[in-house]
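Reader: I've got a few "how do you know" questions about this one. Mind walking me through the reasoning?

Author: Happy to, fire away.

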Amino acid sequence: MSAYDMNTPLYSALKKYIDERGLRLHMPGHIGGPGFNQSALKVLAEFDVTEIPGLDDLHAPQGIIEEARLLLAKAYGAQESFFLVNGASSGIHALFMALKRPDAKVLVPRNCHRSFFAGMVMAGTNPVYIPCQVNGELGAALAVSPADVEALLGIHHDAEAVFITSPSYYGSTCRIQDIAALCQKYQKPLFVDEAHGGHFCFHPDYPRPALEQGANAAVNGLHKTLPVYNQGAVLHVKGHPDTKRLRSACSLVTTTSPSYPILASIDLARNLMEERGRELLEAARIMAVRFRTRINMTKGLKAYDEDELKKTPGVFSLDPLKILIAFPGLRLNGFEISRILRMNIEYR
Ligand SMILES: Cc1ncc(COP(=O)(O)O)c(C=O)c1O
C-alpha cells in the first residue's frame with residue numbers, strides 16, 4: 001500500500017510533501033537535511049517541517065492534524081484527543097492549568113510523577129495527598145485505594161478534581177471504576193495519569209483503559225509503550241468539565257514549533273495498533289507469560305503475577321508486559337542485580 005493510501009492523514013501528507021521535492025523556504029534551518037554535515041542526522045530531517053500551507057497548525061487544527069486527531073479520539077474512545085509533543089508531562093500540566101480556581105484544591109496521589117508538582121506550581125494548585133498502598137515485599141507504591149479517596153472527598157468538599165496515577169510505573173492499576181463512581185457521587189471530575197497504559201485499549205485481556213472505566217481525562221505517554229518518538233504523548237477527554245479551557249491550556253504549555261516527526265509517529269502508531277494491535281499485544285503477552293514461568297523455575301528468583309499483586313489493597317490488575325522480579329534467594333541488592341543484568345544481557 002502506498003503511503004498516500006494509508007489511514008494516516010498526517011504522515012501521508014508529510015510524505016507527499018517530501019516526494020514533491022519543492023524548494024524548502026521555511027524553518028527549521030537544516031532545510032530538510034542539507035544543513036547537516038552528519039549523514040546520521042539527515043535521516044529524520046525531511047519530515048522535520050513547520051506549519052506551511054497544507055500541513056495544518058497544531059494550535060488551531062483544521063486540516064491533516066484535525067483529521068488525525070479525530071482518528072486518534074475514535075481509536076481511544078475519547079470525545080476529543082490532543083496531540084502532545086512535550087511528553088505526558090505537558091498533558092498533566094495542561095490539566096492543572098485548566099482548573100477553574102487559581103488556588104484550586106485537588107486530590108493527588110502521594111507517589112505522583114514530578115510533572116504533577118510542576119503543574120501544581122504553575123497553576124497555583126493546593127494538593128491534598130492521597131496515601132499510597134505500598135507492597136511491603138517489593139517496597140513499591142502500587143495504587144491508591146477507593147476507601148482513601150472516599151475519606152478525603154468526605155473531608156474536602158471544596159476539592160475541584162481528583163487525580164490518580166494508573167497504571168503505576170510497576171504496571172499495577174487502581175480500582176478506577178470504583179474511584180470514578182465516588183467522584184461521580186461527590187461531583188468531581190477524575191483525571192488519570194495513564195502514561196504507561198497507552199496500549200491497553202487495543203487488547204481486551206489487558207487492563208481496561210481509564211476512559212472506559214469512567215475517567216474524565218487520561219494522559220498516555222505513547223512514546224513509553226508504542227513505536228512513537230520520544231516526547232510523543234496524547235491527552236484524551238470524555239466528560240471533562242471545560243474542554244474549551246483545556247484546549248487553551250494545552251496550547252499554553254505547547255511550543256509554537258511542534259515536531260512533525262513526533263506527530264507523524266503518533267499517527268502511524270495509532271494506525272498500526274488499530275490494524276495489528278491485538279495480534280502484536282497477544283504475541284507479547286504470551287512471551288511475557290513464558291518468561292515469567294521460566295523466572296519462577298530459576299532458583300533464588302521470583303516473578304510476581306497479577307493475583308499476588310492484587311493482595312495489596314487498591315490494586316485491581318497488572319499490565320501483563322510489566323515483569324516484576326525479586327531476588328529473595330540472592331544476597332544482592334537491586335543496584336547490583338541491575339549492573340549484572342546490564343553487563344550480561346544488554347552488553348553481552
Ligand atoms: C507515571 C508517569 N507519569 C508521567 C510521566 C511523564 O512522562 P513524559 O516523560 O512523557 O513527560 C512519567 C515519566 O516517566 C511517568 O512515569
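Reader: Which helices each supply at least two residues of the shell around the ligand?

Author: Keep in mind that this is a predicted model. The helices are α4 (87–97) and α8 (222–225). The largest share, 4 residues, comes from α4. The full shell is G87, A88, S89, I92, H113, T165, D193, A195, H196, H223 and K224.

Reader: What makes the pair between A88 and the ligand a polar contact?

Author: The cut-off is 3.5 Å between N or O atoms. A backbone N or O atom of A88 lies 2.8 Å from a ligand oxygen, so the pair qualifies. The side chain of H196 also has an N or O atom 2.8 Å from an oxygen of the ligand, and for K224 a polar side-chain atom is 2.9 Å from a ligand oxygen. Of the 400 Å² that the ligand exposes when taken alone, the protein buries 81%.

Reader: How do you know that the ligand sits in a pocket?

Author: The test is that more than half of its atoms lie within 2 Å of the pocket's grid points. The ligand sits in the second largest pocket, so it passes that test.

Reader: How do the shell residues divide into nonpolar, polar and charged?

Author: There are 3 nonpolar, 6 polar and 2 charged residues in the shell.

Reader: And why is the chain called as compact as a globular protein of that length?

Author: The chain has 12 helices and 13 strands. Its radius of gyration is 22 Å, and the globule rule gives 20 Å for 348 residues; the two are close, so the chain is as compact as a globular protein of that length.

Methods: Residues numbered from 1 in each chain as written. Predicted model: local features only at pLDDT ≥ 70, side-chain atom pairs only at ≥ 80, totals over all residues. Heavy atoms only, no water. Near = heavy atom within 4 Å. Polar contact = N/O pair within 3.5 Å; in protein donor to acceptor, adjacent residues only side chain to side chain. Areas by Shrake-Rupley, 256 points an atom, 1.4 Å probe, with all protein chains shown as cover. 1 Å grid on protein atoms, 1.4 Å probe; cavity = no way out; pocket = protein on both sides within 12 Å on 5 of 7 lines; lining within 4 Å. Nonpolar A, V, L, I, M, F, W, Y, C, P; charged D, E, K, R; others polar. Rg over C-alpha atoms; globule rule 2.2 N^0.38 Å.
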